[in-house]
Amino acid sequence: MGREDSAPSSLRSSRPTTSPGTGMATTTLAVDPAAIAKCFPDRRPPPAVITIFGAGGDLTKRLVVPALYHLVRGGMLPDSFALIGIDHNEKTTQEWCQSLTEMMQGFARADGLEGGAIDEQAWSWLTRRMHFMQGDFTQADTYRRLEKLLSEQFARQGGTANALFYLAVADRFFGPIIEQLGRAGLMRQSENAWRRVIVEKPFGHDFASAAALNAQILKVLTEDQIYRIDHFLGKETVQNILVLRFANGIFEPLWNRDHVDYVQITAAETVGVERRGRFYETTGALRDMVPNHLFQLLAMIAMEPPISFDADAVRAKKTELFRAVHPISPDNAVRGQYGAGELLGKKVGDYRHEPNVAPNSGTETYVALKLGIDNWRWAGVPFYLRTGKRLSARTTEIAVHFRQAPYALFRDTPVDRLPANILMLRIQPDEGLSLSFSAKRPGADIAIAGVEMDFAYRDYFAPLASVGYETLIYDCLIGDATLFQRADTVEAAWSAVQGLLDAWARVPADDFPNYAAGSAGPAAADRLLARDGHAWLPIRAEHRHPGHNT
Ligand code: BG6
C-alpha cells in the first residue's frame, strides 16, 4: 500500500468553438473529470477496496484496469483506495503490476490518446495500491487469506471497510464465489462497511439458468448489493438516449404509435469470433447480444418515462417493457452464419474454420428479429433488431422512422415519393445523431429533396479517454445501480427470447453458412422487412453527410 496522496489531475480550459454548419459560436467545455471532481469533492466515492477475481484475465487487462487508470486521472477515486487481484496462477504483486504496466504502455502507444505514453504519476498512484494474491476461487482458504488482506487495508482506511468484489471470471464461478464470500462473512454490511459485487456477463444461458443464478446469489446477498453489468450501458451514447428523450421537449410527444412507423436497431460487427470459439459455439449471436445489449438499446428507446432517475424507477420501467415484448415466433426471426468472404479489402475465412469451432457447426453468428410491443404506446409498431459478426462495417445505431406526411398536398406536383423522416442515433463508432427531413429543391418546380441535420459528439465535446467501464465502476462505488441490471429485468429479457431459443434448438438451421463475410447478412433478413414494405438501412461505419442534393 502506498502513500495516501491525491489522485493527479489536470484542468483543461473551456474553449469557444464554432458550431458546424451554422457558424454559431458555442462554448465547448473540455469536459475534464478532474476539474469536476475538484469542484464537487463530495462526488468522490468513499474509501474502498476493490477485489478483482480473475486478475490475470483479459477483461481485467483490457477493461477493468484501464478504466481504473482513467478514473485515477480524472480524480474520481478516493484517496484511501486499494486494488486486490486474485487469480489461480502464482505470481507476485510486482509481477502482476509489471505485466499490467506493459499492457498499458502497449495501449497508450496504440491509441495515441495519451501522446504515446501513460501518465506515470497516475499509473504509479494506482500500482502503489495494488496487491496480488494467488488463490483457488473454490477453496475456503482463499477467502480466509482474502479476509486478512482486506483487514490490513481497512486498517489504513480510517474506520471504513467498504469492499467491492469484481467477478471478472467465467460465469460458472459466479455462484460459487458469491457463496464462498458469504460463508467467509465478507458480504456482511454495517454502517461504515458496504459490500457489493459486480457480476459480469453472461448472466445465465437462458431463462431457467438466469433465474437459478439469481436464486442462488440472492440467498447470500440482497438485491442492492448486486451490480449485474451490461457494458452497453457504460456507453455515453446509450446513456444519452434518456437525455435526448426526456430532457428535450420536442421528441417525446412524437414518441409513439401515432407518429413512429417502425424502428431499426443494428449492432453490426466486422470481427469474427476471434479466440472465443469455445464460448461462442454454445452461445451464438442470439444469446450473446439480444437479451442483453440489444434489449438495453430497446429499453432506452421504448421504455415509458420513469418518475425519476432513481435506479429502481428506471429499472422498473425497463422490466415492464421487456414483459410487454410479444413472444418471438421463428417466423419473425432470421439466423445466419458467415461463410468465407472479403471484408475491408481482405479475404477472411468462414465461421466453421475458426479455432475451436465444429466443422459442421449450427451456431448462428447473425440474428435479425421483428419484435412487437404490447402496450398503448407501441402496439402495431415493429421494432426490427439485427446483429452479426463479420458484417461489412462496424456500427451500432438506432433508426426511428417516422410516419410519412399525407401525400395529398403534393399530388399535382412532380413529387413521386416523400422521403421519410428518420431520427438516427449513432451509438458507435461515429457517435452522433441526425434527423433527415424534406426540403424544397430550389427552382420553379415543387421538387423535394431529402436533407439532414447532424450532430456529432466530437464537434461539441472533447473526447474523454474511456474504455466504457469508468462510469460503471464509479457508479458502483457510489452505490448508484441505475446502469446495472436488476434480477427481474434480466429474467424478463431472457423470458422474451426463450420461445425462440427453444424453437431454434428443436429445428437446426439447414442453410448455414448463409451469408458471406463482408456482406450485410443473409438475404432472408431482407425478406423479413420486405414483407412489411420496409428495408434495412445500409450498414455504414461512418456517417456520410448527404451533402448538397444537386
Ligand atoms: C460482448 C459480446 O458482450 O459484446 C461480444 O460477447 C461482442 O461478442 C461485444 O463483440 C460487443 O461490444 P462492443 O462494445 O464492442 O460493441
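The following paragraphs lead through a predicted model, from its ligand to a cavity, an aromatic pair and some details of the backbone.

The ligand is a suitable place to begin. Its surroundings consist of Lys 201, His 231, Phe 232, Lys 235, Glu 269, Arg 276, Asp 288, His 293, Lys 389 and Gln 428. Sorted by the character of their side chains, the residues of this shell comprise six charged, three polar and one nonpolar. Three members of the shell may be examined individually through their side chains. In the case of Glu 269, an N or O atom of the side chain lies 2.5 Å from an oxygen atom of the ligand. For Asp 288, the corresponding distance between a side-chain N or O atom and an oxygen atom of the ligand is 2.6 Å. For His 293, an oxygen atom of the ligand is found 2.7 Å from an N or O atom of the side chain. Taken on its own, the ligand has 400 Å² of accessible area, and the protein covers 79% of this area.

Attention now turns to empty space inside the protein. Rolling a probe the size of a water molecule over the atoms reveals where such space is left. How many cavities of 30 Å³ or more does the structure hold? There is one cavity that reaches this volume. The volume of the largest cavity is about 60 Å³. Its lining is made up of Thr 237, Asn 240, Ile 241, Leu 425, Arg 426, Ile 427, Gly 432, Leu 433 and Tyr 457. Helix α8 (236-246) and the strands β17 (422-428) and β18 (432-441) are the elements that each contribute two or more residues to this lining. By character, the lining of the largest cavity divides into five nonpolar residues, three polar residues and one charged residue.

Aromatic rings offer another view of the fold. The structure contains 21 aromatic pairs. One of them joins Trp 96 and Phe 132, whose ring centres are 5.8 Å apart and whose planes meet at 50 degrees, an arrangement classed as tilted. Trp 96 belongs to helix α3 (residues 93-111) and Phe 132 to strand β5 (residues 130-134), so this pair ties together parts that are separated by 36 residues in sequence.

Finally, the backbone itself deserves inspection at certain positions. Gln 428, already met in the shell around the ligand, is joined to Pro 429 by a cis peptide bond with an omega of about -5 degrees. Pro 429 is located in the loop between β17 and β18, and these two strands also contribute to the lining of the largest cavity. Another cis peptide bond, with an omega of about -10 degrees, links Phe 512 and Pro 513. Here the proline, Pro 513, sits in the loop between α14 (487-506) and β20 (515-516). Leu 344 is not a glycine, yet its phi is positive, at about 50 degrees. Leu 344 lies in the loop between β12 (341-343) and β13 (346-348).

Note on methods
Residues are numbered from 1 along each chain as its sequence is written. This is a predicted model: local features need pLDDT of at least 70, side-chain atom pairs count only at pLDDT 80 or more; totals for chains, interfaces and linings use all residues. Side-chain values use heavy atoms; hydrogens and water are left out. A residue is near a molecule or strand if one of its heavy atoms lies within 4 Å of it. A polar contact is a pair of N or O atoms within 3.5 Å; within protein, one must be able to donate a hydrogen and the other to accept it, and residues adjacent in sequence count only if both atoms are side-chain atoms. Accessible areas come from the Shrake-Rupley method with a 1.4 Å probe; for residues, only the protein chains shown count as cover. Ala, Val, Leu, Ile, Met, Phe, Trp, Tyr, Cys and Pro count as nonpolar, Asp, Glu, Lys and Arg as charged, and the others, Gly among them, as polar. On a 1 Å grid over the protein atoms alone, a cavity is a set of points where a 1.4 Å probe fits but cannot get out, and a pocket is an open set with protein on both sides within 12 Å along at least five of seven lines; lining residues have an atom within 4 Å of a point. Grid points are joined across faces, edges and corners, and a volume is the space filled by probe spheres set on the points. Helices (H or I, at least four residues) and strands (E, at least two) are DSSP runs, numbered from the N terminus. Rings of Phe, Tyr and Trp (its six-membered ring) pair if their centres lie within 6.5 Å; planes under 30 degrees apart count as stacked, over 60 as edge-to-face and the rest as tilted.
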